[in-house]
Structure formats: C-alpha cells, structure tokens
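This report describes selected local features of one structure. The sequence and the coordinates come before the details.

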Amino acid sequence: MRALVLVGFMGAGKTSVGRALSTQLGWRFEDLDDRVQAREGRTVPEIFRDAGEAEFRRAEHAALRELLAEAENGPPLILALGGGAFIQAENAALVKGFETPTVFLDAPPEELWRRCTADPVARPLRRDQREFRDLYDLRKPRYQQAQLCIQTGSRTVGEVVNEILESLSLRGAAPGKER
Ligand code: S3P
C-alpha cells in the first residue's frame, strides 16, 4: 500500500483524521489544499477570488499529480483531498488508477455545516446553509465511489481512526508496512 486517500465534503474531518492516522501508522501526511497553496504561493480563497474556481481546479489537479508521484517513489502517504477534488472525474480516475484505498468520511450535512462554521479555515464554497446542503447532496454519490465509507457524525477522531485501521487491516502496521 503506497497511500491512503481521504475524501468527503467540507468539514468531514479529512485533515484531522489524516493527521491522526499518520501518527498511528508513522506514514507521511499531506493535505492537497496545503500543497496547492504552496505551489501557487497564495491561499485557496485568494485563488478563488483572483482567478476563479476553474483555475483552482487546474492547480488542484496538478498538485494531486505531484503528490501521487511522490507516493509512487517515496514512503507511504496519507492524503487528504479537498472537498471538491474527488468530484472532478480526472482526479477520481487518477486516484483509482493508483490502486490505493479511498476512504469517504461522511456526516449529516447539518453537522458538516456546524463544524465548518466553527472552523477558522476560510472556505469559498461555504456560503449559505441551503446551498451547502444542495452541494453535499449533489456530490455524495461521487464520494460513495470510495472503497470505504465511514460515518463520523458524533464520533471522535480516535474512533474514526480505529474504524479505518480495523476495516483496512492496518492495525499494528509498522511504518511503511501493512499487515
Ligand atoms: C472545496 C473544499 C475545500 C477547498 C476548497 C474547495 C470544495 O477543502 O479545497 O475551498 O470544493 O468542497 P476542504 O474540504 O478541506 O474544506
């Protein structure tokens, strides 16, 4: 296993769960949005504001390619995608072609909204609650193409991490190894 990819809507906990998984497994953690920002030299909201969503998606695709190439040639990677990344067909195809487990972190949209509202991270696509919910409904079938679907509603990060480790038989895996 060269990587484990976390997908799901805004507020699903991809970054928190990814960091905790990385600690448990001793694998490297990468957040796709962070890589986009580092490559572009500006924040996600700045890219949306100055160049628009299409430009953000182009940058996101390039960053995903770069990270998967690193996982191919380097130590195994936990990769948290941004909420829209797996929705783009070319990204989903890239990840599927990589033959790595994909995990969909899900929660009721009301809880996702609450988490995002409490989070200091600025999200250009979190505008009003109704639109947020509609976007969630639209995207959900795409997220469900992930190999594993984990409910995170009212659960701690530790509980979610345990379920992922159990489901993928990764409990006790040493860094870079799987059981
Ligand atoms: C987006 C989600 C964000 C970020 C960008 C677009 C989306 O990531 O990539 O604001 O399209 O849902 P998070 O899911 O980490 O908030």
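A polar contact is a pair of N or O atoms within 3.5 Å; within protein, one atom must be able to donate a hydrogen and the other to accept it. The model discussed here is predicted.

## Asn73 and the end of helix H4

The backbone oxygen of Ala69 lies 2.9 Å from a polar atom in the side chain of Asn73, a distance that falls within the 3.5 Å limit. Asn73 is found in helix H4, which covers residues 53-73. Asn73 counts as exposed because its relative accessibility is 68%, and the cut-off for exposed is over 50%. Asn73 and Ile87 are 14 residues apart in sequence, and their C-alpha atoms are 26 Å apart in space.

Ala54 is also found in helix H4. With a relative accessibility of 66%, Ala54 counts as exposed. From Ala54 to Ser167 there are 113 residues in sequence and 36 Å in space, C-alpha to C-alpha.

## The loop after H4

Pro76 is found in the loop between H4 and strand E3 (77-80). Is Pro76 buried or exposed? Its relative accessibility is 13%, so Pro76 counts as buried, given that buried means under 20%. The C-alpha atoms of Pro76 and Met10 are 25 Å apart, with the two positions 66 residues apart in sequence numbering.

## The largest pocket

The volume of the largest pocket is about 730 Å³. Of the 37 residues lining this pocket, Lys14, Thr15, Asp33, Val121 and Arg123 are the closest to its centre. The lining residues divide into 16 nonpolar, ten polar and eleven charged.

Several helices contribute to the lining. Helix H1 (14-25), helix H2 (32-40), helix H3 (44-51), helix H4 (53-73) and helix H8 (157-167) each supply at least two residues.

## Surroundings of the ligand

Which residues come nearest to the ligand? Of the 13 residues around the ligand, these are Lys14, Asp33, Arg57, Arg123 and Arg139.

Oxygen atoms of the ligand pair with both side-chain and backbone atoms, as the following distances show. An N or O atom in the side chain of Asp33 is 2.7 Å from a ligand oxygen. For Arg139, an N or O atom of the side chain is 2.7 Å from an oxygen atom of the ligand. At Gly84 the partner is a polar backbone atom, 3.3 Å from a ligand oxygen.

## Val44 in helix H3

Val44 is found in helix H3. Val44 is buried, because its relative accessible area is 9% and the limit for buried is under 20%. Leaving aside neighbours within four places in sequence, Val44 is in contact with Asp33, Gln37, Phe56 and Pro124. Asp33, one of these partners, is also among the residues closest to the centre of the largest pocket and among those nearest to the ligand.

Val44 and Gly158 are 114 residues apart in sequence, with 28 Å between their C-alpha atoms.

## Glu30 in strand E2

Glu30 is found in strand E2 (residues 28-31). Is this glutamate buried or exposed? Glu30 has a relative accessible area of 15% and is therefore buried, the limit being under 20%.

The side chains of Glu30 and Arg28 are joined by a polar contact of 2.6 Å. Not counting residues up to four places away in sequence, Glu30 touches Arg35, Leu67, Glu70, Leu77, Ile78, Leu79 and Ala80.

## Helix H6

Helix H6 spans residues 109-118, and Pro109, Glu111, Leu112, Trp113 and Cys116 are buried in it. Helix H7 (129-143) is part of what covers these buried residues.

## Positive phi values

Most residues other than glycine have a negative phi. Glu99 has a positive phi, near 55°. Glu99 lies in the loop between helix H5 (89-97) and strand E4 (102-106). At a relative accessibility of 71%, Glu99 counts as exposed.

Ser154 is not a glycine either, and its phi is positive at about 55°. The loop between strand E5 (148-151) and H8 holds Ser154. Ser154 is exposed, with a relative accessible area of 69%.

Technical notes
Residues are numbered from 1 along each chain as its sequence is written. This is a predicted model: local features need pLDDT of at least 70, side-chain atom pairs count only at pLDDT 80 or more; totals for chains, interfaces and linings use all residues. Side-chain values use heavy atoms; hydrogens and water are left out. On a 1 Å grid over the protein atoms alone, a cavity is a set of points where a 1.4 Å probe fits but cannot get out, and a pocket is an open set with protein on both sides within 12 Å along at least five of seven lines; lining residues have an atom within 4 Å of a point. Grid points are joined across faces, edges and corners, and a volume is the space filled by probe spheres set on the points. Helices (H or I, at least four residues) and strands (E, at least two) are DSSP runs, numbered from the N terminus. Ala, Val, Leu, Ile, Met, Phe, Trp, Tyr, Cys and Pro count as nonpolar, Asp, Glu, Lys and Arg as charged, and the others, Gly among them, as polar. Buried means under 20% relative accessible area, exposed over 50%, partly exposed in between (1.4 Å probe, protein chains only). Contact means heavy atoms within 4.5 Å. A residue is near a molecule or strand if one of its heavy atoms lies within 4 Å of it.
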